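Grab your favourite viewer and work through the exercises below. Each one comes with a task and a worked solution, so try it yourself before reading on.

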Amino acid sequence: MSVGETPITVVGNLTDDPELRFTPAGVALAKFTIASTPRTYDKTTGQWRDGTALFLRATAWREIAEHAAESLTKGMRVVATGRLVQHNWQTDQGENRSMLGLDLDDIGPSLRFATAKVTRAQRANTPALAADPWSTAAPAPAGSAPAGFGGEPPF
């Protein structure tokens, strides 16, 4: 993170499925909108009231973009962390416009009202079980040496 950036965590619902695209250089890019609506309890009526919704256009890059497009769908409640960015432009009529966006560092489903099964993604340039602490592969047979130790103890 650079000096002066505004880190933020947003909890909200996706307003549509993530839109996955690729740059001319082949870098994955996903865009989607997260709607975050505050709720307050009104003691006089005994009911919850929705506040004004905040709609943030989120941008994910590379692996996060691909994983979001595979895992997230419209309506899902998510927890997203990233950096708040302001986009400025000028219309054809010469009017100045701006919009706040969210450059994602991480995103996942919220488990407050749902459950999820997580599948570890295989990286393209990594051998399948090479020193993977999350691996569910069977342990090596008793008496066999750990990789790289040639039968000698590691101490």
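## Warm-up: the whole chain

The protein chain exposes about 11900 Å², and carbon and sulfur atoms supply 53% of that area. Keep in mind that this is a predicted model.

**Exercise 1.** Work out how many helices and strands the protein chain has, and the order in which they run.

*Solution.*
- Start with the count: the protein chain has one helix and eight strands.
- Next, walk from the N terminus, and the elements read β-β-β-β-β-β-α-β-β.
- For burial, 21% of the 155 residues in the protein chain are buried.
- Finally, look at the contacts with a separation of 6 or more: 56% of them in the protein chain are between residues 24 or more positions apart.

**Exercise 2.** Find out how strands β2 and β3 run relative to each other, parallel or antiparallel, and what links them.

*Solution.*
- Strand β2 covers residues 19–22 and strand β3 covers residues 28–36.
- Four bridges join β2 to β3, and the two run antiparallel.
- To get the register, take L20: it stands opposite A30 in β3.
- Now the link: β2 and β3 form a hairpin with five residues between them.
- Within that turn, check the backbone of G26, where phi is positive at about 90°.

**Exercise 3.** Search the whole structure for aromatic pairs and classify what turns up.

*Solution.*
- The search gives one aromatic pair.
- The partners are Y41 and W48, with ring centres 5.3 Å apart and planes at 65°, so this is an edge-to-face pair.
- The cut-off behind that step is a plane angle over 60 degrees for edge-to-face.
- Then ask how much of each residue is open to solvent: Y41 has a relative accessible area of 45%, so Y41 is partly exposed.
- W48 comes out at 52%, so W48 counts as exposed, the cut-off for exposed being over 50%.

**Exercise 4.** Decide whether S110 is buried or exposed, and list what surrounds it.

*Solution.*
- Locate S110 first: it sits in the segment after β8 (96–109).
- Its relative accessibility is 9%, so S110 counts as buried, given that buried means under 20%.
- For polar partners, follow the side chain of S110, which reaches the backbone nitrogen of R112 at 3.3 Å.
- Last, skip the neighbours within four places in sequence, and S110 is in contact with R77, V78 and V79.

Definitions and conventions: Residues numbered from 1 in each chain as written. Predicted model: local features only at pLDDT ≥ 70, side-chain atom pairs only at ≥ 80, totals over all residues. Heavy atoms only, no water. Phe/Tyr/Trp six-rings, centres within 6.5 Å; stacked < 30°, edge-to-face > 60°. Buried < 20%, exposed > 50% of the residue type's maximum accessible area, 1.4 Å probe, protein only. Polar contact = N/O pair within 3.5 Å; in protein donor to acceptor, adjacent residues only side chain to side chain. Contact = heavy atoms within 4.5 Å. Areas by Shrake-Rupley, 256 points an atom, 1.4 Å probe, with all protein chains shown as cover. Pairing = 2+ DSSP bridges.
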